[in-house]
Structures are given as C-alpha cells and as structure tokens.
Amino acid sequence: MSHAVIIKKAVKKYGNFTALNGVDLEIRPGEFFTLLGPSGCGKTTLLRMIAGFNSVDGGEICFDDKVINNLEAHKRDIGMVFQNYAIFPHLTVAENVAYGLKAKKCPKDQIPGKVEEALELVQIGQLKDRKPNELSGGQQQRVALARAFVIEPGVLLMDEPLSNLDAKLRAQMRVELAKLHKELKTTVIYVTHDQTEAMTLGTKIIVMKDGVVQQVDTPQNLYQKPGNLFVAGFMGSPQMNFLDVEIKEKGSDVVAVLGKDELVIPAAKAKTLKDGGYVGKTVVMGIRPEDVADTPNGSMSSTVKVYELLGAEVFLYFDVNGTQITARVDPGTKAKTGDPVKFDFDMEKTHFFDKDSELVITN
Ligand code: ATP
C-alpha cells in the first residue's frame, strides 16, 4: 500500500553546516513527487533521511501518521534506485530482482512469477539470464528499477536514476517511468536537477535552494506562477528575462518604464502593483523568451547580437536598455545576427518581483 510521506521542519547538519533548514513537505499516497534544485541544495540529503541512511537532526519524518525518525532503513517500507544502478555484478538479472523478495521472506514458489512479471514490466524479460556486465547502461537501470519495485514498496525513492544515460535513452526512460508509475501507483520521490525530468514526471515538484524550500507546486504553477525570482529563473530554458523597470502612473494607465519605452501594464497586474505601493519604485519585470515577439510593427527596437537556429525554433539575443534578453521566435523570422529588430512584449504574460525581497508581486 502506498504511503503518505509527511515531513515537518526537518533539519540536517553536517558539523557546523546546515544542509537542510526546516523543510516542510506533504506527499500524498501515490503521488510522483520530484525534488528539484541546483547542485548542493540538499536533495540527496533529504532523500537519504527519508530512506533512513541519514540521521534526522530536527523535526519529523512520517510515513502516514507514524513518525519514523529512528526506524532502521531496512524496516522502512521503501525501494531505492540510484544513479549508479548498484545492482549485484555476480548475480544474473533474474537473481538480482529476486534478491529483495528473498530478503523479504516472500514464499519461494511465488518468486519466479513475481520476477518474470517485474522484468516484463520494464521490458527486459528476454535478458533474465545475463549478468550485469553483459547489459547496456539503460538495461542495467531497468534491472535496478525492477529490483526496487518488485518488493511492492509503499514508497519508491529514486536519486537521479537517469543521469548516467545518454540524452536519447534518458528521454525514452522518462516515458517508461511515467507509464510504470501509472501502473504501480506507488508513492515516488524522485531527485533530479534536470527540470525537464521534474516537469514531465512529477505531479508535484519541490524546488530547493541552499537547504531551504523555495516553492512546492504543480509543474504548471511553478512555470506560470513562480513565487520568487529564484524559481522564476530556475524553471524554463532558456531562462526568463529579467529587467529593472520603474512603475509609473500615466493618465489612467500604470506603465513600466524601460529606458525610453513606457509599457502599459494590464489592469489586474497594474492594480496589484498600485495597491502594493510600487508606483514610483523600481521592480524586476520578468518575461519568458516565448513571450517576446519579433514583429515588423513592434513598438521597441534593438539589434540582434546572436541568432541561433535550433530546428523548430530560433533564439534571438539582443539588448534592451543595457540588459541582454532572449526571444524564442518562429524559424521563419527574417532577423539575423547584426540586423535591426523590432519587437513587443506580451504584457499579459509579465511577472513582477520585489527587488529587495525577491518575492513575486504579481504573475
Ligand atoms: P547534487 O545535485 O550535486 O547531488 P544535492 O542537492 O543532492 O546535490 P546534497 O548531496 O544533499 O546536495 O548536499 C547538500 C549539501 O550538504 C552540500 O553543500 C554538500 O556539500 C553537503 N554535504 C553532503 N553530504 C555531506 C557530508 N557527509 N558531510 C558534509 N557535508 C555534506
């Protein structure tokens, strides 16, 4: 049975260094939850605490309503998949998968059937008699996966399981994992620093920085409604453009002043900025590359510094009031490096952030 995982004010210290600083988290049974953040933010530390490999220096970790802070790892109802597969080299594929079942004292006569079923699910039934050194990286990772879920754990923990695979295989395995989760309905906690993986696999994502939770949300909300500058900059590639603008009232409009340009802010965002006391102040305006359009009738102008063709889309890089921005445009664009370019921002899609607190004012 899948467990809920509830984490309350979790703290982890390595000597004087605080790796996790009061993490709160609620993961529902059956959820595919991804831990996302840059290198060193504390993802693996948190996963290892859930697994029971790291001590808990403050707060609580619960499976359903049971505190498990001091429960030994092997007594927790978990399966684990690591980046480096960690399968036994001297055992065959089938023996590797059977290993956990034997350890769990599964009745002997049930083991072959369960092993076969698990190997079929990850599509390597035909390789059951091979040793790990006779398998590709992707096949080894499938063995590791089968070994983890064959014991039917209440929580499946995965630490960057796809990062040793090449880009094509990674994309393929991503789809397989999503299918597998749909089938198994186990609670999955998945560590990655790859936002594509987090966005496509996770029903919920936690974004962390320096051991502190930045936002816990659906992939869509993290992208469309980032809670602060860090999340806005971390989610999306190429990243969101950030420009310092002054907020001004002009007649009945509220405008963002950007050098000589005055951009009219849509009513709802304008009201939030006005009510928040931001008129007369400088704030950070964020706009995603796909919301910058190069058009002959554009109200702003610049010169293309770099033109990049990536098959189905083109990235244009140019300066706006001294800041380089990226526009993601149609490959039919006429603009090339060195050309003048006219463009517009889709002001409905802008985000505004407080310059000091870095928190979002309006999305
Ligand atoms: P990555 O994506 O690079 O794997 P991460 O987000 O998983 O990073 P952690 O491995 O959890 O990060 O590490 C969090 C912080 O704790 C880092 O600054 C790391 O240097 C530190 N750290 C991790 N393990 C130890 C340890 N055993 N002793 C001291 N510091 C540690």
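**Strand 1, helix 1 and a few unusual backbone spots**

Student: At 55% relative accessibility, does K9 count as buried or exposed?

Tutor: This is a predicted model, where local features need pLDDT of at least 70, side-chain atom pairs count only at pLDDT 80 or more, and totals for chains, interfaces and linings use all residues. Residues are numbered from 1 along each chain as its sequence is written, and side-chain values use heavy atoms, with hydrogens and water left out. Buried means under 20% relative accessible area, exposed over 50%, partly exposed in between (1.4 Å probe, protein chains only). With its 55% relative accessibility, K9 counts as exposed.

Student: Where is K9 found, and what is its phi?

Tutor: Look in strand 1 for K9; strands (E, at least two residues) and helices (H or I, at least four) are DSSP runs, numbered from the N terminus. K9 isn't a glycine, yet its phi is positive, at about 45°.

Student: In what order do the 4 strands of the open sheet come?

Tutor: The pairing here is antiparallel, and two strands pair if DSSP finds at least two bridges between them. Walk across the open sheet and the order is 2-1-4-5.

Student: Why is one side of strand 2 and of strand 5 left without a neighbour in the sheet?

Tutor: Strand 2 covers 17-27 and strand 5 covers 66-67. One side of each is free because both stand at the edges, each with a single partner strand.

Student: How many bridges join strand 1 to strand 4, and which residue stands opposite I6?

Tutor: Strand 1 (residues 5-14) and strand 4 (residues 58-63) run antiparallel, and the bridges joining them number 5. Opposite I6, in strand 4, you'll find C62.

Student: How many of the 9 residues of helix 1 are buried?

Tutor: Helix 1 is largely enclosed by the rest of the structure. The buried ones are K43, T45, L46, L47, M49, I50 and A51. Out of the 9 residues, that makes 7.

Student: Which residue with a positive phi follows helix 1?

Tutor: Step just past the helix and check the backbone. Phi is positive there, near 95°, and the residue is G52.

Student: What is the phi of E152?

Tutor: E152 sits in the loop between helix 4 (137-149) and strand 7 (155-159). At 53% relative accessibility it counts as exposed. E152 is a residue other than glycine with a positive phi, near 50°.

Student: What is omega for the cis peptide bond from S237 to P238?

Tutor: P238 belongs to the loop between helix 8 (229-234) and strand 11 (241-250). The bond from S237 to P238 is cis, with omega near -5°.
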